[in-house]
Amino acid sequence: MKNLFKFLSIVFLLPSVISFAQSKDSLMVAAIIKEANENSQLKNIAHELFDDIGPRLVGTPKMQQAHDWAVSKYTSWGITARNEKWGEWRGWERGVSHIDMVQPWIKTLEGTQLAWCPSTGGKSITAELIILADVADSLAFIQWLPNVKGKFVMISMMQPTGRPDYNWTEFGTKESVEKMKKERTEQTDAWRKRISKTGLSNKNLALALEKAGAAGIVGSNWSAGFGVNKIFGASTTKIPTIDIALEDYGLLYRLLESGKNPKISVRTDSKELGMVPTFNTIAEIKGTEKPDEYVMLSAHFDSWDGATGATDNGTGTLVMMETMRILKILYPNPKRTILVGHWGSEEQGLNGSRAFVEDHPDIVKNMQVLFNQDNGTGRVVNIGGAGFLHSYDYLGRWLARVPSGYKQELETRFPGSPAGGGSDNASFVAAGVPAIGLGSNTWLYFSYTWHTNRDTYDKIVFDDVRNNAILTAILVYIASEDPDKASREKIILPANQRTGEPGKWPEQRSPTRKGGVD
Ligand SMILES: [Zn+2]
């Protein structure tokens, strides 16, 4: 009787249960949209994180300041948060960079020291320049090396144009565009050969120049847009390594080639801080019905330090923080536990997220899904199933609950393929977690903001970031409420096109736990 009653009640109650669930979901979706639109905290978070704190390079005091800020921000929203130590890194703090041309005329140059650049000891170094010679081979390079003594060595090619290709295409004749591209390709190839003929890697070249008594290393890593250079790390241990903007680099290069003997004056302040601990910030809204199953949000927290990392990965960070804030207000007792990971040291090889995967096998094993965002400020327009056979079933179902206005240009790929790297979702995919990358439209991300000196607050498109926070909050809510656990069955990967070998799922890899010391 009892069983029959249960059977009947299922048969008769099911339609009303479904419509109740649907209306409950629609109410929640509407509430999420309302909170995100009417009480958005995105601009406040962005100002505090990018303007007040700034760049977040691994091992710097600013990275630590950001982690502490994130914990206190979450705490102020009533969300439990902690910093989890996963390793240590060479501690370094950026100070001022002053770079001036002092001969043949005076001009303050646009440039900066690279990350981990040695200090010039509170003084300016004034010296002539020399262009890395085009030598025949490594032996000839060793013979040429004494020429660098006391000089700044220019190790980058002079770009033939400071205009990006889209600008040439818009205004140039077809012939001039082709000519420019041909010249640039030839020059780029020749410069690559110039470096390789020294017989040294970029790092060892810098160290050889330093050992030979160079005053400093001067490069220009143009990012193929107006006024943008990529700013990475220095390899030198005593002399400064600086990047100079394309325009000023070209000026020095041409003056040097025409025998005008330019001189520059360089001061870089920085501090070595020894080894310092590195962290991930983890925040959590505890689940009620299935507290040991997890829906996780993910965005790396660190950045390069040529600018303030506003879109790499500031905007991913904003999306995840705003999502947590909204869910804590509207969905404080989720079915599953909702976690967010703000990872350290993604830029040096997904280190924070790899450490989390390694350190928390119990959480990883019971993770329903993870959503990661890390390609700029744009609206999410690409979502794939990461190579999980049944991803269409659950992701498709969850996405169906998102109102059309928040997925207008969305393209989906099912079952998709597993990320082997690129961002932190790869760390989780390798461990078998359906870890989904939320792919943004580009806003010229790769040329203008990614790792550049122009990755700043003003590049944020807040409407798009708000759109993404709404989309993410809805997906997290629906994924948490899903009666079923998402399947982890993987597709059989296609054979490697080059080798013909069977396709292999990406392997879980260990992080670098002690960094910046090699
Ligand atoms: Zn990134």
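Me: What does buried mean here?
Reply: Buried means under 20% relative accessible area. The model is predicted.

Me: Why does Asp 374 count as buried?
Reply: Its relative accessibility is 13%. The cut-off is under 20%. Therefore Asp 374 counts as buried.

Me: What about His 300, buried or exposed?
Reply: His 300 has a relative accessible area of 0%. That is under 20%, so His 300 is buried.

Me: Which residues are the protein donors of the zinc ion?
Reply: They are His 300 through NE2, Asp 312 through an OD atom, and Asp 374, which is listed with OD twice. The donors lie 1.9 to 2.8 Å from the zinc ion. The cut-off for a donor is within 2.8 Å of the metal. In sequence the spacing is H-x11-D-x61-D. His 300 and Asp 374 link distant parts of the chain, 74 residues apart. His 300 sits in strand β9 (residues 290-300), while Asp 374 is in the loop between β11 (367-372) and β12 (380-384).

Me: Why is the arrangement around the zinc ion called irregular?
Reply: The four donor atoms subtend angles of 51 to 149°. Tetrahedral needs all angles between 85 and 135 degrees. Square planar needs opposite donors over 155 degrees apart. The angles fit neither, so the arrangement is irregular.

Me: What makes the chain as compact as a globular protein of that length?
Reply: First, the inventory: the chain has 15 helices and 15 strands. Its radius of gyration is 26 Å. The globule rule gives 24 Å for 518 residues. The two values are close, so the chain is as compact as a globular protein of that length. The C-alpha trace spans about 100 × 50 × 45 Å along its principal axes. Buried residues make up 52% of the chain.

Me: What share of the contacts between residues at least 6 apart in sequence join residues at least 24 apart?
Reply: The share is 84%.

Me: Which residues have the most contacts inside the largest nonpolar core?
Reply: They are Tyr 74, Leu 318, Met 324, Leu 327, Phe 371, Trp 398 and Phe 428. This core has 83 residues. Helix α15 (residues 462-481) gives the most to this core, with eleven residues. A second, separate core has 40 residues, including Trp 191 and Val 218.

Me: What does Met 324 contact beyond its neighbours within four places in sequence?
Reply: Its partners include Tyr 74, Ile 79, Leu 297 and Val 340.

Me: Why does Tyr 249 count as buried?
Reply: Its relative accessibility is 1%. That is under 20%, so Tyr 249 counts as buried. Tyr 249 lies in helix α8 (residues 246-257). Beyond neighbours within four places in sequence, Tyr 249 is in contact with residues including Met 154, Met 158, Val 218 and Ile 244. The C-alpha atoms of Tyr 249 and Leu 109 are separated by 8.6 Å, though the two residues are 140 apart along the chain.

Me: How do you know that Thr 308 is buried?
Reply: Thr 308 has a relative accessible area of 16%. The limit is under 20%, so Thr 308 is buried. Thr 308 is placed in the loop between β9 and α9 (310-330). Leaving aside neighbours within four places in sequence, contacts of Thr 308 include Phe 50, Arg 56, Asp 455 and Tyr 457.

Me: Where do the buried residues of α7 pack?
Reply: They pack against α4 (138-144), β5 (152-154), α6 (174-196) and β6 (216-219). Among the buried residues of α7 are Leu 205 and Leu 209. Gly 213 follows α7, with a positive phi near 95°.

Notes:
Residues are numbered from 1 along each chain as its sequence is written. This is a predicted model: local features need pLDDT of at least 70, side-chain atom pairs count only at pLDDT 80 or more; totals for chains, interfaces and linings use all residues. Side-chain values use heavy atoms; hydrogens and water are left out. Donors are N, O and S atoms within 2.8 Å of the metal (3.2 Å for Na, K and Ca); water is not among the atoms, so sites may look incomplete. Four donors count as tetrahedral if all angles lie between 85 and 135 degrees; four count as square planar and six as octahedral if opposite donors are over 155 degrees apart and all others between 65 and 115; anything else is irregular. Helices (H or I, at least four residues) and strands (E, at least two) are DSSP runs, numbered from the N terminus. Buried means under 20% relative accessible area, exposed over 50%, partly exposed in between (1.4 Å probe, protein chains only). Contact means heavy atoms within 4.5 Å. A nonpolar core is a set of buried Ala, Val, Leu, Ile, Met, Phe, Trp, Tyr and Cys residues joined through side-chain atoms within 4.5 Å. The radius of gyration is taken over C-alpha atoms; the globule rule is 2.2 Å times the number of residues to the power 0.38.
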